[in-house]
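This briefing is meant for a reader who is meeting the structure for the first time. Please look over the sequence and the model before turning to the points that follow.

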Amino acid sequence: MYINQSVGELREIGGPLSNTVTDIVVNFTGVEPTPGPKPSALLQSQSMGSVLAAASPSPAPAAAGGSPGVPGLGSVPPGFTMPSVSSVPAMSDQQTADADSPLPNPGTYEECHRKCKEVYPLQMDGVRLVVNKGLSNHFQVCHTVTLSTLGDSGYRFGSTYVGSKQTGPAESFPVMVGDMDNTGSLNAQIIHQLTSAVRSKIAIQTQQHKFVNWQCDMEWRGENFTSAVTLGNPDVLVGSGILVSHYLQSITPALAMGGELVYHRRPGEEGAVTSLLGRYTGDNFIATLTLGGAGAHATYYHKANDQLQIGVEFEANTKMQETTASFGYQLDVPKANLLFKGTVDSNWMVGATLEKKLLPLPLTLALGAFLNHRKNKFQCGFGVTIG
């Protein structure tokens, strides 16, 4: 018996064969199929998965003196041997989801501990009046008056410009922010999105008409990683400056790991400090740990519900030989337009702030009080924000 017999003769010898996969396999072995629908037309009418799963008959027992049946194919006539076909393992739902959904971008290195720090209240001292005025959709000015017995009292004027290049629902570039006090000291920042993945920032600070420091940042955001380089106070003539590099990589959708390198140089001194970071994000919590030569920094953020958020922070400084642990919470009462924040740490510092929005007026009142039991110091503040 020859291999080039027609399919019709094969049907007469071995019984009915499948019109789908069998014809394709026999054709691969050299048998010319009978005129009729082409295998490509059959494959277009239904997918290969449905053919293997439903259209192919169950394997039949081998005939006497013949070769055993091939799984997923019809019975084979005596005297014929079919090539072995290895089964393709089906992908699980989890593997399919992982293949379809790539790893997300982890964000920036500087934002890893920010979620926990936002829960803690900011210290207030004296009286503070802030007036915000929007001149257009792109330009806004701010007037701030501060009266304090511990800090500096004075007036500051600030302005913010937001460009028309929109890269997201709440992101537009370029962004220029600056403020100047009554002594002539200036703080200014310029942030611009150069491309869809590259963002740059320039910051300048002066004190009484003298440059104090300036830095330039360059950030590159990939699909599942973020890298950034910062150059601060470079001086080619003296040979001094600070170089900081960050890298953060998503390992899994919930786990991100990265590192930081800080290199500084000035006449007679040179050194570098490295640190490693790991962050795990759950459904309602974020745990972050930073370890390096300068010490350790760990934060834990937990969102109990829509009104209550808590945070725990631990810091250890190997150079100063100091260790601090603190607990903070934020309580939001939207029906009363109240926002309450409180904190307590291992240095016996207790503090709290209360913010009240007087709707429908564009007015916000803020009260704050902090007490250091160890140093026996107390400070309180009152603030009003208009606009």
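Strand β9 and strand β10, the latter made of residues 255-266, pair in the antiparallel sense over 10 bridges. The model is a predicted one, and the points below take up its strand pairing, its aromatic pairs, its salt bridges and a nonpolar patch on its surface.

**Strands β8, β9 and β10**

- Between β9 and β10 the chain passes through a hairpin of four residues, and within this pairing Leu248 has Gly258 in β10 as its bridge partner.
- Strand β9, which covers residues 240-250, also runs antiparallel to strand β8 (residues 225-235), and nine bridges join these two strands.
- Where β8 and β9 lie side by side, Asp235 stands opposite Ser240 in β9.
- The hairpin of β8 and β9 has four residues between the strands, and in this hairpin Gly239 takes a positive phi near 80°.

**Aromatic pairs**

- Six aromatic pairs are found in the structure, and one of them is formed by Trp220 and Phe225, whose rings meet edge-to-face with 5.3 Å from centre to centre and 85° between the planes.
- The two partners differ in their cover: Trp220 counts as partly exposed at 46% relative accessibility, whereas Phe225 is buried, with a relative accessible area of 17%.
- Through ring pairs, Trp220 and Phe225 are linked with Tyr247 into a cluster.

**Salt bridges**

- The structure holds eight salt bridges, among them the one in which the side chains of Lys117 and Glu313 meet at 2.8 Å, N to O.
- That pair links distant parts of the chain, since Lys117 belongs to helix α6 (residues 114-117) and Glu313 to strand β14 (residues 308-317), with their positions 196 residues apart in the numbering.
- Of these two residues, Lys117 is partly exposed, with a relative accessible area of 41%, while Glu313 is buried, with a relative accessible area of 8%.
- Another salt bridge is formed by Asp217 and Lys201, whose closest N and O atoms are 3.6 Å apart.
- Because Asp217 lies in strand β7 (residues 211-221) and Lys201 in strand β6 (residues 198-206), the pair ties together parts that are 16 residues apart in sequence.
- Asp217 counts as buried at 11% relative accessibility, whereas Lys201, at 21%, counts as partly exposed, because the cut-off for buried is under 20% relative accessible area.
- The side chains of Arg266 and Glu269 also meet in a salt bridge, at 2.7 Å from N to O, and Glu269 is partly exposed, with a relative accessible area of 33%.
- Arg156, Asp179 and Asp181 are linked in a network of salt bridges.

**Nonpolar surface patch**

- Val127, Leu129, Val145, Leu147, Tyr155, Phe157, Leu367, Phe382 and Ile386 together make a nonpolar surface patch of about 720 Å².
- The elements that give two or more residues to this nonpolar patch are β1 (126-134), β2 (139-147), β3 (154-168) and β19 (377-386).
- One of the patch residues, Phe382, lies in strand β19 and counts as partly exposed at 34% relative accessibility.
- Phe382 can belong to a patch because patch residues need over 30% relative accessible area and no salt bridge.

Terms used. Residues numbered from 1 in each chain as written. Predicted model: local features only at pLDDT ≥ 70, side-chain atom pairs only at ≥ 80, totals over all residues. Heavy atoms only, no water. Phe/Tyr/Trp six-rings, centres within 6.5 Å; stacked < 30°, edge-to-face > 60°. Buried < 20%, exposed > 50% of the residue type's maximum accessible area, 1.4 Å probe, protein only. Pairing = 2+ DSSP bridges. Patch = residues over 30% accessible without salt bridge, like charges linked within 9 Å, V, L, I, M, F, W, Y side chains within 5 Å. Areas by Shrake-Rupley, 256 points an atom, 1.4 Å probe, with all protein chains shown as cover. Salt bridge = Lys/Arg side-chain N within 4 Å of Asp/Glu carboxyl O.
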